[in-house]
Amino acid sequence: MSSRSTSAIVARVVSGHHLLKIDGYSQTKVVTNGRHIESCIFHVGGHAWRIKYYPNGRSSDNSNCISVFIQLASVSMDLPFKPDKGISAQCVLGLLDRAGKPVPSYTFTFDRIFTAPEGQWGLNIFLTRSELENSGCLKDDCFTLRCDITVTELHAEETEDSDFTDLLWKEGADVAFHVGGETIVAHQWVLAARSPILKAAAEAELLGMSEREKKKTPMATIRIDDMEAKVFKALLHYIYTNALPDEMDKGDDAATAMAHGLLEAADRYKMERLKMICEDMMCKYVSTSTVITTLVLAEQHHSQRLKAACIDFLISPNNMKVVLENGGFKHLQRSCPSVLMDLVERAKAA
């Protein structure tokens, strides 16, 4: 007799912040150039982090400045895999005023992949000492830095062994979707097991139907806009089988385009595992022909890991040259100008 069980790696976005108060600022200036003072360890997304404060700069080129870096102190031991490619995080470093509010001109946002152990990233010139001393942020020889970190927390959990392959496209369906000019039917109880949003949409549609309408057709009808029928069919394939369609294994342009559509759908219907699968696929197949559209998609759907992979690909001089020649950056400037600035800052730091 064979046994069968299933599990899932579940991803969720986790944010946290840490306040570092420099109490006795004038006394910290005795620390020599290149040396730092560390904050206490704090935890975000199951990982340990610290802030490194350089009162007299990190290098001889910025000895009149304050340097600030964020360091990944350790990786969670509870991860179901070893993150050999690093931890993707969005970080915000900022100086707070006396009221505890961020000072916009000294608040910096960046997306980076931190490698363990002790990968770090920050600013050699956070601000000059004279800028701090004239900013009005010092009070009783004290000032405060704030660090916000957003990461994707991953954990493994057992799931119900529910593969509904035999039901796909078969009789007994009680909900119909009008998508891209096609009518696609499904079963509400299967949707309920995979996507509470699709379940709620079907239930709301049924509640809005009159008794006469229900007698005429007990099937709830839902219109899905802004999605191709083939993408919705692939979404249902995943909902019923817990796997992507076979054609998505090819890694070609068609598979990448489908992954784009499925990531949008997964974000729309809050299906985090499917979103993570699509992110993994697109990270693997980033190319000069797809990187800009993928980067825009990552920004629009808050996929920091995918965004970081695209930026890492683009800062290669050869890749950047090809994308420039193809006019890709014009599309990026029109669609997501803030991402273009992130790319410029990343290229400067490389």
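The following questions and answers go through charged side chains, backbone angles and a cavity in a predicted model.

User: Which side chain of opposite charge is nearest to K52, and how far away is it?

Analyst: K52 is found in strand 4, which covers residues 47-54. A salt bridge requires a side-chain nitrogen of Lys or Arg within 4 Å of a carboxyl oxygen of Asp or Glu, and K52, although buried, has no such partner. The nearest side chain of opposite charge is that of E38, at 5.1 Å.

User: Which side chain is joined to that of K52 by a polar contact?

Analyst: Leaving aside neighbours within four places in sequence, the residues in contact with K52 include H36, I37, E38, S67, V68, F69 and Q71, and Q120 is also one of them. A polar contact of 2.8 Å links the side chain of K52 to that of Q120.

User: With which residue does E38 form a salt bridge, and what separates the closest N and O atoms?

Analyst: Side chains of opposite charge can pair when their charged atoms come close. E38 pairs in this way with R50, and the pair links distant parts of the chain, since E38 lies in strand 2 (residues 37-38) and R50 in strand 4, 12 residues apart. E38 counts as partly exposed at 41% relative accessibility, whereas R50 is buried at 14%. The partner of E38 is therefore R50, with the closest N and O atoms 3.3 Å apart.

User: How many residues apart in sequence are the parts tied together by R305 and E279?

Analyst: The side chains of R305 and E279 meet in a salt bridge with an N to O distance of 2.9 Å. R305 lies in helix 10 (residues 304-314) and E279 in helix 8, so the bridge ties together parts of the chain that are not adjacent, being 26 residues apart in sequence.

User: Is E279 buried or exposed, and what is its relative accessible area?

Analyst: Its partner R305 is partly exposed, with a relative accessible area of 27%. Buried means a value under 20%, and E279 is buried, with a relative accessible area of 10%.

User: What is the N to O distance in the salt bridge between R146 and D148?

Analyst: A search of the whole structure finds 11 salt bridges, and the pair of R146 and D148 meets in a salt bridge through the side chains. R146 counts as partly exposed at 29% relative accessibility, and D148 also counts as partly exposed, at 23%. The N to O distance in this pair is 2.7 Å.

User: What value does phi take in D140, and where does D140 lie?

Analyst: The phi angle of D140 is positive, near 55°, in a residue other than glycine. D140 counts as exposed at 67% relative accessibility, and its place is the loop between helix 2 (129-133) and strand 9 (142-159).

User: In which loop does K270 lie, and what is its phi?

Analyst: K270 is exposed, with a relative accessible area of 52%. The residue lies in the loop between helix 7 (253-268) and helix 8 (272-284), and its phi, again positive in a residue other than glycine, is near 55°.

User: Which element gives the largest share of the lining of the largest cavity?

Analyst: The structure holds one cavity of 30 Å³ or more, and the largest cavity has a volume of about 30 Å³. Its lining is made by T109, F110, D111, R112, I311, D342 and E345, and the elements that give two or more residues to that lining are strand 7 (102-114) and helix 13 (337-349). The largest share, four residues, comes from strand 7.

Definitions and conventions. Residues numbered from 1 in each chain as written. Predicted model: local features only at pLDDT ≥ 70, side-chain atom pairs only at ≥ 80, totals over all residues. Heavy atoms only, no water. Buried < 20%, exposed > 50% of the residue type's maximum accessible area, 1.4 Å probe, protein only. Lys, Arg positive; Asp, Glu negative; His and termini not counted. Polar contact = N/O pair within 3.5 Å; in protein donor to acceptor, adjacent residues only side chain to side chain. Contact = heavy atoms within 4.5 Å. 1 Å grid on protein atoms, 1.4 Å probe; cavity = no way out; pocket = protein on both sides within 12 Å on 5 of 7 lines; lining within 4 Å. Points joined across faces, edges and corners; volume = space filled by probe spheres on them.
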